[in-house]
Protein chains: 4
Amino acid sequence: MKKKRKICFVIVNRANYGRVRNLMKFLIEKEFFSVQILLVSSPVLKKYGGLDKILARDKIKIEEVIYSHIEGENLITMAKSTALLLQELSSSLARLKPDIVFTIGDRYESLATAIASSYLNIFLAHLQGGELSGSIDESIRHAVTKLSNLHLACTKKSKDRIRKMGENPKFIFNVGCPSIDTIKKINFKERVNLKKYSYGLGFKVDLKKPYYVVMIHPDTKNYEKNLKLVDEVFKSAIKLNEQVVWLWPNSDAGANIITKKMRSYREKNKKIRMNFFTNLEVSDYLKLIKNSKCLIGNTSSGIREGSYLSVPYVCVGDRQYMRERGSNVIDCKIDSKKILDSIKKITSKKISKSTIYGNGRSIKKIYSILKNINLDIHKTFYD
Amino acid sequence: MKKKRKICFVIVNRANYGRVRNLMKFLIEKEFFSVQILLVSSPVLKKYGGLDKILARDKIKIEEVIYSHIEGENLITMAKSTALLLQELSSSLARLKPDIVFTIGDRYESLATAIASSYLNIFLAHLQGGELSGSIDESIRHAVTKLSNLHLACTKKSKDRIRKMGENPKFIFNVGCPSIDTIKKINFKERVNLKKYSYGLGFKVDLKKPYYVVMIHPDTKNYEKNLKLVDEVFKSAIKLNEQVVWLWPNSDAGANIITKKMRSYREKNKKIRMNFFTNLEVSDYLKLIKNSKCLIGNTSSGIREGSYLSVPYVCVGDRQYMRERGSNVIDCKIDSKKILDSIKKITSKKISKSTIYGNGRSIKKIYSILKNINLDIHKTFYD
Amino acid sequence: MKKKRKICFVIVNRANYGRVRNLMKFLIEKEFFSVQILLVSSPVLKKYGGLDKILARDKIKIEEVIYSHIEGENLITMAKSTALLLQELSSSLARLKPDIVFTIGDRYESLATAIASSYLNIFLAHLQGGELSGSIDESIRHAVTKLSNLHLACTKKSKDRIRKMGENPKFIFNVGCPSIDTIKKINFKERVNLKKYSYGLGFKVDLKKPYYVVMIHPDTKNYEKNLKLVDEVFKSAIKLNEQVVWLWPNSDAGANIITKKMRSYREKNKKIRMNFFTNLEVSDYLKLIKNSKCLIGNTSSGIREGSYLSVPYVCVGDRQYMRERGSNVIDCKIDSKKILDSIKKITSKKISKSTIYGNGRSIKKIYSILKNINLDIHKTFYD
Amino acid sequence: MKKKRKICFVIVNRANYGRVRNLMKFLIEKEFFSVQILLVSSPVLKKYGGLDKILARDKIKIEEVIYSHIEGENLITMAKSTALLLQELSSSLARLKPDIVFTIGDRYESLATAIASSYLNIFLAHLQGGELSGSIDESIRHAVTKLSNLHLACTKKSKDRIRKMGENPKFIFNVGCPSIDTIKKINFKERVNLKKYSYGLGFKVDLKKPYYVVMIHPDTKNYEKNLKLVDEVFKSAIKLNEQVVWLWPNSDAGANIITKKMRSYREKNKKIRMNFFTNLEVSDYLKLIKNSKCLIGNTSSGIREGSYLSVPYVCVGDRQYMRERGSNVIDCKIDSKKILDSIKKITSKKISKSTIYGNGRSIKKIYSILKNINLDIHKTFYD
């Protein structure tokens, strides 16, 4: 009989948690794994989702909490937060001695996790490697790939790209994204209760009537363009003259520029049919976009989950540049007129469901790989 | 006329300095560049080379010093030292605002430098990317490549490998290693004064007579094998029954295992014709190996500089696994008999000079590239 | 002629800056001093006052900026932020080599500053030592005293207390608080423009009519009481049925509990005659409380500046426990009825101006001391 | 029945451990306490005593290990190591949630421990507060006192001094030093086996014949005097023309200056009757000085344990300036002639045993206090 494997998930925020929640629950139920969960960065803070309470509700035990997010939301504090997390995570992983560390995507926390695991000679599994995008996230993602031992790619092309980067094909799998598995369990007929996410006073959105969703994250590589980005999207959103649900950005460098603008819109435009909301639970977020007329912004979820859900998505600016996409996405420059045109175009088109990011059988595939993979930490460039 | 470019070199130890010293001096003399030098980790400490004094002697100004090496020389402290350096380097680079950051090789300090530069959107030039080796250094080196903007490869194959990893060919150059330029300036007929590097009492080596050189660095990926490695090399070195110059290891995880052994040999074997030396200046080190009968160990310099100098080199264990090499190198398992056999074999062979690591015109090439390259920080995977 | 003295001020937030702004300007104008200013923690962030812009406007040069505030506003992140600041401040002070470091009060940043200076053998001047209060601030303040070389006490009793703690009387002075000097320069007839500090929508305060001011900072030693504190004050403030200006708390542990409550009040009580404001400039803040009917809360400024300005002040809870006070202050338990009673009592009483915190000649005294004091860093307990 | 109390000891090096080892063992045996032990700084490293192995031998469980000692042994790295320890200790204490934290003396690690405990509102017990000495240690020690809740003073005068500093007499006790309890258990007739502590080759000391002991720690407040200090002591030690056992210094700033000198003496003076030893176990150290003709240096142990053991002690320089002492100590300037005179004087004098540092009943007293003390963390200055 095989020895039980200790696997450690490093969770950084609500989106992160949403993507692997069901995978973790699946592994916890299986006897073969012993699951350790670290909450790092600031996810315990209310404003970043109060994940400790959510995990308690989901009956998932937290092993350790590491506060490592330095205030500032600028480029310096991102670099320094990476450092702070790496500092303590090294001690934590040395203490917890997992057989496998599991990290996701391309955030600075993923990089810190990858470095700590590499130096400590712990086998590192990376989900969502090999994808393309148009910001610093891409460099981080590929650097994490070069530090990882197991690559759980979410698309065929990502898998090929990881292979091309010199990774050993024995350790690369296209498993699809577990977020598609999550989608399959959601009842999209249930209505979202927006009240619990309300940020301050303002227009009351009625989800039974048509509405648009906006979500803009800061673009860290084009720091100076963030102001224009949010302005142009705002202008176009106003001209729609329909209900708009605008969601709060993540906490990357530049976020404060965006949120400041958002606050100022709210103050100055008291009569617009728009309101602002923070920290939606993943399933509520997905219901919200699924039932919207169109999603506008630069989030990767419009591409990833959006492709499977057939959500019309106007992707503004360079942040998702080159990310693999289905027919639900239309790209668009940072210009309010072009945004309006794109909205018109994409909402009038018939969009078919795409499975480039998986077909909802990802969790079982990952389970089987994690169970059987040879935990060999020696890597060399594979020609 | 072009605007002057500020270029910042992050120097971590004497070997590091040795490799770019002449390049930095060249750039300092040219009006086009303004050179900033950071000494980081522990290079100011006497036991790691007292670089502050050496730079003063070389009339090179130090911009800032960052102490960031956490004692321990184990895997945890390597990870944590990376963190500590990243923490402060982020503030330093934000303060110094260089146009270009220049980093070298595959040490943890290179990774910290690469991350800080990436997050701060500073153009990063990386020397010695794309090479292969058999330890964590390799993963680090490739991760640095994925974070770098300009790749100054030292061999043809390295250049090709960087390209394969998805980097843009416009930013990849095979410049050869500037350490070969350095070699060309050395007068190999001058004798080395070993006294100034002496570590404690013991046998007096006479460099006019035949001698062997040993240098073993810890293998961080095969942590537990370090003890055996040093033991087997020692056994074979004793059996040579000739003069042996044994050089102190670097400060990576596992170094203490090696130095403890070295101290114990010295104590217990008072009559052996061997002695131990620390922190040789680069030119003295090169003279020493050039004029030796054979170099034994696992240092990359036996491959890199050794190939051009035609130094017979017995490369023991996996640390340089797959690194590109000339005919001066013979690989060998960790076994004293096999080491002796390999010494016999390589010293009886005619070795011709190799230029795989360059022909000594590297510095001018690098200068010209750094001067003319478009400092564009936007990267995407190049298929 | 004496050698110019380099003096380094470590500034952490707007209140901090307000207290020494005029002192710094005075020193900058004098040839004898070379003034270095470090902005640390998060003062550059807009939400903490955007001090970089204010200093630019005041034509004061910033030497270095250190981001060191870890998000969380709880007890762990306060301890960790102290660490992070100490980490980098050590490098900064080693680089800047001031003759004197100047620190203020009892915040975690003051402690980090004191430790860095002590270890680096730099003469440390401490303003506002020896005072009493009822939270962790008090322990921090006294610990800073034991690490300081020069004590610039603000009251007679503080001076005596510092002496009692074993400090050398040659290095203890009662200079009064430089904030009283600042008060003397303010034109209290000028009206405050509240608009620029507005936090969101809500009731429009008319400062020409009577109003109350509320300011509650988190009590870090009575962490669990913060919720009750803010609730009881809110209840009493509502019952006043008059205009209320409520000011945002500082960023200590527990602040989020308070701000969350404040946001919720605003949402749920749309018709109350109260509004919320953030980050007032010091002179505006002083005008605001000077012209108010009464100040309610637990800020030390109601005691310190309030005593000289004769501002009726209801001091709620233990946070200012035992701090030396004038007749403008009435202490009060955390109970809405008692708060209302206390407001009635203090506002019906004739209050005379007190000079326990100085008479406005503090800056010149400090200047003269800093100029002439023997910069001896050797301390021993003075019986 | 009382609830079990969790008590956390933060141990930093062998001397530290030596002083509380028996106390910890006593507490572990008692059911009332649950003892948590943290090894911090570098005590796990062989060169600093390999405490993990010693604790394993003593059957004491280690809760967590924190590597936090930054290489450099200078003033900057001391400040930065304080920071690094504070960083991680905050997370550790938040995780372990002890009822009491126990810290010792005046090292930078004690200060980090005190700050972490204070911010986390954990009751802090401090051993050896209130003492005097002539270096930065003194400021640190008093700062720790002002952050502590319970003061376990080792002498009557220390107790009085703590009281004078404004601490509450209910929380101050003169318990004597537990190191005196340890002395009572030692069999001073057993001979020390010096071999196991040998540092390199050299003269063979015969402990059956008369010998002197030298131990010099760096003086951090008189950094530049360390060179002279070690030189003058060496000169006098040579002139004694007797056997000399010279013990390695601790790792404070300046240690490298001393050890470098020590190495150079050994090299240049091959015929002297002196040898050098590192990391003696506490009981061996005490036997060694007890049976020596005289102890020379600046260690506090010559005063503390030396007073009870009646060891003639020539205390050189200012490092122990003003520390309370018995008649076994003679103070002496940094001058080889004066040192020789002092040696003559003190060794010709009859020395009687002193109990100023306790009579060997300290552990039981501390146990009883820790068991019964009210764990109230609220402090205010006590007039």
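In this predicted model, the contact between chains A and C draws 16 residues from chain A and 16 residues from chain C. On the chain A side, α3 and α9 (255-268) each put in at least two residues. Sorted by class, the residues of chain A that touch chain C come out as 5 nonpolar, 6 polar and 5 charged.

As for how these two copies sit relative to each other, a turn of 180° with a shift of 0.0 Å along the axis lays chain A on chain C, and the RMSD of that fit is 0.0 Å. Within chain A, Ile70(A) has the C-alpha nearest the axis, at 2.1 Å from it. Both copies use the same surface here, with 100% of the contact residues of chain A turning up again in chain C.

Chain A also meets chain B, and that contact takes 40 residues from chain A and 40 residues from chain B. Four helices of chain A give two or more residues each to this side, namely α3 (75-96), α4 (108-119), α5 (136-147) and α6 (156-164). Of these, α3(A) gives the most, with 13 residues. The class breakdown for the side of chain A that touches chain B is 21 nonpolar, 12 polar and 7 charged residues. So α3 of chain A shows up twice, since α3 is listed among the elements facing chain B and again among those facing chain C.

The A and B copies superpose through a rotation of 180° with 0.0 Å of shift along its axis, at an RMSD of 0.1 Å. These two copies are therefore related as by a two-fold rotation axis. Here too the same surface serves both copies, and 100% of the contact residues of chain A recur in chain B.

Turning to the sheets, chain C holds an open one of 7 strands, in the order β3-β2-β1-β4-β5-β6-β7, and the pairing is parallel. At the edges are β3 (64-67) and β7 (172-174) of chain C, each of which pairs on one side only. From one strand to the next, the twist averages 20°. Near one end of that order, β2 (residues 33-41) of chain C runs parallel to β3(C), and the two are joined by 4 bridges. One facing pair places Leu38(C) opposite Glu64(C) in β3(C).

Chain D offers an open sheet of 6 strands, again with parallel pairing, ordered β10-β9-β8-β11-β12-β13. Its edge positions go to β10 (274-277) and β13 (329-332) of chain D, which have a single partner strand each, so one side of each is left without a neighbour in the sheet. The twist in this sheet averages 20° from one strand to the next. Inside the sheet, β8 (residues 211-215) and β11 (residues 294-297) of chain D run parallel and are joined by 4 bridges. Met215(D) stands opposite Gly297(D) in β11(D).

Helix α8 (residues 226-240) of chain D lies across several strands of chain D, which are β8, β9 (243-247), β10, β11 and β12 (313-316), and it runs at about 175° to β8(D). The α8(D) helix also packs on α12 (residues 336-347) of chain D, at an angle of about 50° and with the axes 8 Å apart. That makes α8(D) and α12(D) oblique to each other, and their crossing is right-handed. From α8(D), the residues involved are Glu232(D), Val233(D), Lys235(D), Ser236(D) and Lys239(D), which meet Ser336(D), Ile339(D) and Leu340(D) in α12(D). By class, the residues of this contact split into 3 nonpolar, 2 polar and 3 charged.

A second helix pair comes from chain B, where α7 (residues 178-185) and α11 (residues 301-309) pack at an angle of about 45° with their axes 10 Å apart. The α7(B) and α11(B) helices are therefore oblique to each other, and α7(B) passes α11(B) in a right-handed crossing. On the α7(B) side, Ser179(B), Ile180(B) and Ile183(B) meet Arg304(B), Glu305(B), Tyr308(B) and Leu309(B) of α11(B). The residues of that contact count as 4 nonpolar, 1 polar and 2 charged.

Definitions and conventions. Residues are numbered from 1 along each chain as its sequence is written. Chains are lettered from A and ligands numbered from 1 in the order in which they are written. This is a predicted model: local features need pLDDT of at least 70, side-chain atom pairs count only at pLDDT 80 or more; totals for chains, interfaces and linings use all residues. Two residues are in contact if their C-beta atoms, placed from the backbone, lie within 7 Å. Ala, Val, Leu, Ile, Met, Phe, Trp, Tyr, Cys and Pro count as nonpolar, Asp, Glu, Lys and Arg as charged, and the others, Gly among them, as polar. Copies are superposed by least squares on the C-alpha atoms of residues with pLDDT of at least 70 in both. Axes are lines fitted to C-alpha atoms, for helices over the stretch in contact, and angles run from 0 to 180 degrees between N-to-C directions. Angles under 35 degrees count as roughly parallel, over 145 as roughly antiparallel, 65 to 115 as roughly perpendicular and the rest as oblique. A crossing is left-handed if the near helix is turned anticlockwise from the far one by less than a right angle, and right-handed if clockwise. Two strands pair if DSSP finds at least two bridges between them.
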